[in-house]
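This briefing looks at one strand residue and its surroundings, and then at the charged side chains of the strand beside it. Please keep the sequence and the model in view while reading.

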Amino acid sequence: MPKVTLNLIAHARSGDKGNTVNIGVFANSEELYPYLKEQMTSQAVKEFFTELVKGEVIRYEMPNISALNFVCHEALGGGGSSSLRIDNLGKCFGSNILRFPIEVPEELASKLLKIGV
């Protein structure tokens, strides 16, 4: 199956508290949610952010709104007052997760790529 970037089938929002980042991923439709649920595991998200997230990633499923919520621990270099990062906030994690690769059926990929162009 071909891969598309998450931004073609979902949107995201993120924030932070201390050294923890929270990322909400919302499928653009109910039909797309199973692709997120199957492929966006806690381990896959941790690997995607391998250089940034040092702690546990916990995934919460919200099927009633076709969404997943990821809580990423030890993700901000110690938190706002401790981190040496220039942008120590978790807001950028939502934008970055939209590059996550998702496998979809060929005909759906063709449709999405035409729309995304």
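**A strand residue and its surroundings**

Asn69 is part of strand S5, which covers residues 67–72, in a model that is predicted. The points below begin with Asn69, move on to the pairing of S5 with S4, and end with the salt bridges that involve residues of S4.

**Asn69**

- With a relative accessible area of 16%, Asn69 falls below the 20% limit and is therefore classed as buried.
- The side chain of Asn69 is joined to the side chain of Asn22 by a polar contact of 3.4 Å.
- When neighbours within four places in sequence are left aside, the residues in contact with Asn69 are Asn22, Ile23, Gly24, Ile58, Arg59, Tyr60 and Met62.

**Pairing of S4 and S5**

- Strands S4 and S5 run antiparallel to each other and are paired over 6 bridges, and within this pairing Tyr60 has Asn69 in S5 as its bridge partner.
- The two strands, S4 and S5, make up a hairpin in which 4 residues lie between them, and Ser66, located in the turn, has a positive phi of about 55°.
- As a general point on strand geometry, side chains in a regular strand alternate between the two faces of the sheet.

**Salt bridges**

- Side chains of opposite charge can pair when their charged atoms come close, and the count of salt bridges in this model comes to 2.
- One of them links Glu61 to Lys37, with 3.6 Å between the closest N and O atoms; because Glu61 belongs to strand S4 (residues 57–62) and Lys37 to helix H1 (residues 33–39), this pair ties together parts that are 24 residues apart in sequence.
- Glu61 also meets Arg59 in a salt bridge between their side chains, at 2.5 Å from N to O.
- Through the partners that these salt bridges share, Lys37, Arg59 and Glu61 are joined into one network.

**Accessibility of the charged residues**

- Glu61 has a relative accessible area of 39% and is partly exposed, while Lys37, at 37% relative accessibility, also counts as partly exposed.
- Arg59, which is in contact with Asn69, has a relative accessible area of 22% and is therefore classed as partly exposed, given that the buried class ends at 20%.

Definitions and conventions: Residues are numbered from 1 along each chain as its sequence is written. This is a predicted model: local features need pLDDT of at least 70, side-chain atom pairs count only at pLDDT 80 or more; totals for chains, interfaces and linings use all residues. Side-chain values use heavy atoms; hydrogens and water are left out. Buried means under 20% relative accessible area, exposed over 50%, partly exposed in between (1.4 Å probe, protein chains only). A polar contact is a pair of N or O atoms within 3.5 Å; within protein, one must be able to donate a hydrogen and the other to accept it, and residues adjacent in sequence count only if both atoms are side-chain atoms. Contact means heavy atoms within 4.5 Å. A salt bridge is a side-chain nitrogen of Lys or Arg within 4 Å of a carboxyl oxygen of Asp or Glu. Two strands pair if DSSP finds at least two bridges between them.
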